[in-house]
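Biologist: I would like to learn how to read a protein model step by step, beginning with a single residue. Could we look at one together?

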Amino acid sequence: VQDVITVRSSGSREDNESQRRWKEKIVEILAEIQAPLFLFLLRLCNWVLLKLLNCLFLGVQLHRGQLKMVLRAARTPDVPLVFLSPHKSQLDGLLLSFLLFSQGLGVPRVTVGGHVCSPRLRALVGRLGGIFLPSRTEQTPSDRDKGLPGAVLAAYVEEVLKSRQPLVIFLDEPSVPLRLSAAAREWLSLVYRALRNGTVPDVLLVPVGIAYDVIP
């Protein structure tokens with residue numbers, strides 16, 4: 001982020017007012033990406049989700065052996081978990097968050113693609129652990145690695161991995177299955193960049209399979 005600011009500010013006089021404007025821009029971009037987690041809301045949504053699952057499904061099956069392996073992998077020191085999942089319904093993110101949170105793996109950060117949603121819904125999803133691509137990087141894909149939004153996003157993903165928060169990346173879109181989406185490419189490239197730069201020593205990639213008898 002500092003490198004981008006230095007390039008953009010070359011030839012101009014740096015003063016307190018200029019630094020303040022840069023800080024405001026960075027905070028504005030960060031607010032687009034994520035929101036502070038709201039623990040009371042998380043617990044409330046977990047309770048609501050249990051009721052919802054009982055209404056929607058006759059049962060939810062979980063492979064205990066695979067979960068045991070994931071819990072063992074989570075104990076690996078200084079190595080974050082990145083869950084890679086197909087995207088079959090809008091409930092996928094809630095289901096994975098509920099599962100990981102209920103098993104003591106913490107609140108995962110769930111990546112959200114270029115979905116258009118209202119500011120209120122975006123704020124709600126953010127407080128439940130959703131993270132978004134900044135709107136400017138969505139509009140100008142060719143500038144993602146150059147501008148300030150791309151730099152702030154890369155720094156944010158690095159901090160998520162360094163703090164060992166679980167990260168969930170959906171590989172496709174429900175409307176276009178079995179094809180890697182542009183948003184998934186962006187999130188995966190950020191994880192690879194953090195690994196390449198030595199921000200984290202390693203990353204454990206965990207494939208996740210979700211199947212519905214009838215997709216809700």
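Modeller: Gladly, and please keep in mind throughout that this is a predicted model. Let us begin with Phe 40, which has a relative accessibility of 56% and therefore counts as exposed, since the cut-off for that word is over 50%.

Biologist: Which residue has a ring that pairs with the ring of Phe 40?

Modeller: The structure holds two aromatic pairs. In one of them, the ring centres of Phe 38 and Phe 40 are 6.3 Å apart and the planes meet at 50 degrees, so this pair is described as tilted. The partner, Phe 38, is partly exposed, with a relative accessible area of 38%.

Biologist: How should I read a helix, and which residues of helix 3 are buried?

Modeller: The general idea is that an α-helix has 3.6 residues a turn, so residues three or four places apart point the same way. In helix 3 the buried residues are Leu 41, Leu 42, Asn 46, Leu 49 and Leu 53. When one looks down the axis of helix 3, these buried residues fall within an arc of 140 degrees, so they line one face of the helix. That buried set packs against helix 5 (92-102) and helix 6 (119-127), while Phe 40, Arg 43, Trp 47, Asn 54 and Cys 55 are exposed on the other side of helix 3.

Biologist: What span should helix 3 have, and how far apart are its end C-alpha atoms?

Modeller: Helix 3 covers residues 39-56, and at 1.5 Å a residue its 18 residues should span 26 Å; the C-alpha atoms at its ends are 25 Å apart, which agrees.

Biologist: How do I read the interior, and which residues have the most contacts inside the largest nonpolar core?

Modeller: In soluble globular proteins, nonpolar side chains tend to be buried together. Here the largest nonpolar core has 27 residues, and those with the most contacts inside it are Val 82, Leu 148, Leu 161, Leu 167, Ile 169, Trp 187 and Val 191. Several elements give two or more residues to this core, among them helix 1 (2-8), helix 2 (16-33), strand 1 and helix 9 (182-196), but the largest share, nine residues, comes from helix 8. There is also a second, separate core of 20 residues, which includes Leu 95, Leu 96, Phe 98 and Val 168.

Biologist: Is His 87 buried or exposed?

Modeller: His 87 is buried, with a relative accessible area of 8%, although its place is in the loop between strand 1 (81-85) and helix 5. Its side chain makes a polar contact with the side chain of Asp 92, at 3.2 Å.

Biologist: What can the backbone angles show, and which value does phi take in Asp 78?

Modeller: As a general guide, most residues other than glycine have a negative phi. Asp 78 has a positive phi of about 65 degrees although it is not a glycine, and this residue is found in the loop between helix 4 (64-74) and strand 1. Arg 164, in the loop between helix 8 and strand 4, likewise has a positive phi, near 60 degrees.

Biologist: Which residues does Asp 202 contact, apart from its neighbours within four places in sequence?

Modeller: Asp 202 is in contact with Val 79, Pro 80 and Leu 195 when those neighbours are left aside. The C-alpha atoms of Asp 202 and Pro 80 are separated by 7.6 Å, although these residues are 122 residues apart along the chain.

How values were computed:
Residues are numbered from 1 along each chain as its sequence is written. This is a predicted model: local features need pLDDT of at least 70, side-chain atom pairs count only at pLDDT 80 or more; totals for chains, interfaces and linings use all residues. Side-chain values use heavy atoms; hydrogens and water are left out. Helices (H or I, at least four residues) and strands (E, at least two) are DSSP runs, numbered from the N terminus. The expected span of a helix is 1.5 Å times one less than its number of residues. Buried means under 20% relative accessible area, exposed over 50%, partly exposed in between (1.4 Å probe, protein chains only). The arc is that of the directions from the helix axis to the C-beta atoms. Contact means heavy atoms within 4.5 Å. A polar contact is a pair of N or O atoms within 3.5 Å; within protein, one must be able to donate a hydrogen and the other to accept it, and residues adjacent in sequence count only if both atoms are side-chain atoms. A nonpolar core is a set of buried Ala, Val, Leu, Ile, Met, Phe, Trp, Tyr and Cys residues joined through side-chain atoms within 4.5 Å. Rings of Phe, Tyr and Trp (its six-membered ring) pair if their centres lie within 6.5 Å; planes under 30 degrees apart count as stacked, over 60 as edge-to-face and the rest as tilted.
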